[in-house]
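User: I've got a model open and want to check the labels people put on it. Could you walk me through the reasoning behind them?

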Amino acid sequence: MKTEIIKKSLDAPFLPDLDDLPANKIIEALDGKGEKRTVECLNWKEQFPYRPFTTFSIAHSKKYIYIDFFVRSNYLRAVNFKNNSDVYQDSCVEFFVAPEEGGPYFNFEFNCIGTVHAAKRKDRHSGQLLPDEQLDRIIRYPSCGTKPFNEVEGIFTWNLLVAIPLDIIGVTYQENVPIKLWGNFYKCADKTSSPHFLSWSPIDTPQPDFHRPEFFGEITLL
């Protein structure tokens, strides 16, 4: 019998002062007042059993969605350093979001040094990469620094704070008017010694595939 997939949901609080804070204070605010979740769905555990501990804290201002990813893992890789390069091969965290249920979605993918790959898509095979002028507006604070490096082995903890402008995904926030979005959060590292594919909201496909908006959970900007 096929297991029923239960989509997850979360409410991202409105924290208007985030735009005026330095990075360390934003992280403190998200840790104390943001909505925190784990990225722990092991959808393909037989092929890819490794599950590095991964969490994110989320909130928003009038201008940005703020997400602070935290990861603890045994391998660390950050080879890609150019916009829209293949960051999914590295130690990577991702946020996919659709402004309308069933409509086009945006995939924002970041390696641990903050390199970003992002596009607006209908599905995995049809999409348009976001231009450099939009990517450069995405704020990134990586704890690993910004210089690329080959894979290293050990026990690592790292975090990546990102702030994605709301206008890039085509939404405008009005105070006290919640915005409903649909999306998912992921952790992957395809080319590391322990490749893995984790999600926040579960996915039911035979092979790893993050580009499946039918499994997106609900995200409400309060």
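**Checking the labels**

Analyst: Sure. Keep in mind that this is a predicted model. Let's start with the largest cavity, whose lining divides into 3 nonpolar, 5 polar and 1 charged residues.

User: Which residues line that largest cavity, and what makes one of them count as charged?

Analyst: The lining consists of Tyr 50, Ser 73, Tyr 75, Ser 91, Lys 187, Ala 189, Thr 192, Ser 194 and His 196. Lys is among the types that count as charged, while Tyr and Ala count as nonpolar and His falls with the polar ones. About 50 Å³ of space lies in there, and the structure holds 1 cavity of 30 Å³ or more.

User: What about the largest pocket: how much space lies in it, and what makes it a pocket and not a cavity?

Analyst: About 290 Å³. A pocket is an open set of points, whereas from a cavity the probe cannot get out. The largest pocket has 18 lining residues, with Tyr 88, Glu 109, Arg 124, Asp 190 and His 211 nearest its centre. Strands E5 (92-98), E6 (105-111) and E7 (116-123) each give two or more residues to that lining. By class, the pocket lining has 7 nonpolar, 4 polar and 7 charged residues.

User: Why is the ring pair of Phe 14 and Tyr 173 called tilted?

Analyst: Take the distance before the angle. The centres are 4.9 Å apart, and the cut-off for a pair is within 6.5 Å, so these rings pair. Their planes are 35° apart; stacked needs under 30 degrees and edge-to-face over 60, so the pair is tilted. It's one of 16 aromatic pairs in the structure.

User: Where do the two rings sit in the chain, and are they buried or exposed?

Analyst: Phe 14 is in the loop between strand E1 (9-12) and helix H1 (23-33), and Tyr 173 in the loop between strand E10 (149-165) and strand E11 (179-188), 159 residues apart. Both are buried, which means under 20% relative accessible area.

User: How do you know that E3 and E4 pair?

Analyst: Count the bridges: 8 of them join strand E3 (residues 53-60) to strand E4 (residues 64-78). Pairing takes at least two, so they pair. The two strands run antiparallel, and Thr 54 stands opposite Val 71 in E4.

User: And why are E2 and E9 at the edges of the sheet?

Analyst: The open sheet has 5 strands in the order E2-E3-E4-E10-E9, with antiparallel pairing. Strand E2 (35-38) and strand E9 (139-142) each have a single partner strand, so one side of each is left without a neighbour in the sheet. From one strand to the next, the twist averages 20°.

How values were computed
Residues numbered from 1 in each chain as written. Predicted model: local features only at pLDDT ≥ 70, side-chain atom pairs only at ≥ 80, totals over all residues. Heavy atoms only, no water. 1 Å grid on protein atoms, 1.4 Å probe; cavity = no way out; pocket = protein on both sides within 12 Å on 5 of 7 lines; lining within 4 Å. Points joined across faces, edges and corners; volume = space filled by probe spheres on them. Helix = DSSP H or I, 4+ residues; strand = E, 2+ residues; numbered from the N terminus. Phe/Tyr/Trp six-rings, centres within 6.5 Å; stacked < 30°, edge-to-face > 60°. Buried < 20%, exposed > 50% of the residue type's maximum accessible area, 1.4 Å probe, protein only. Axes fitted to C-alpha atoms, helices over the stretch in contact; angles between N-to-C directions.
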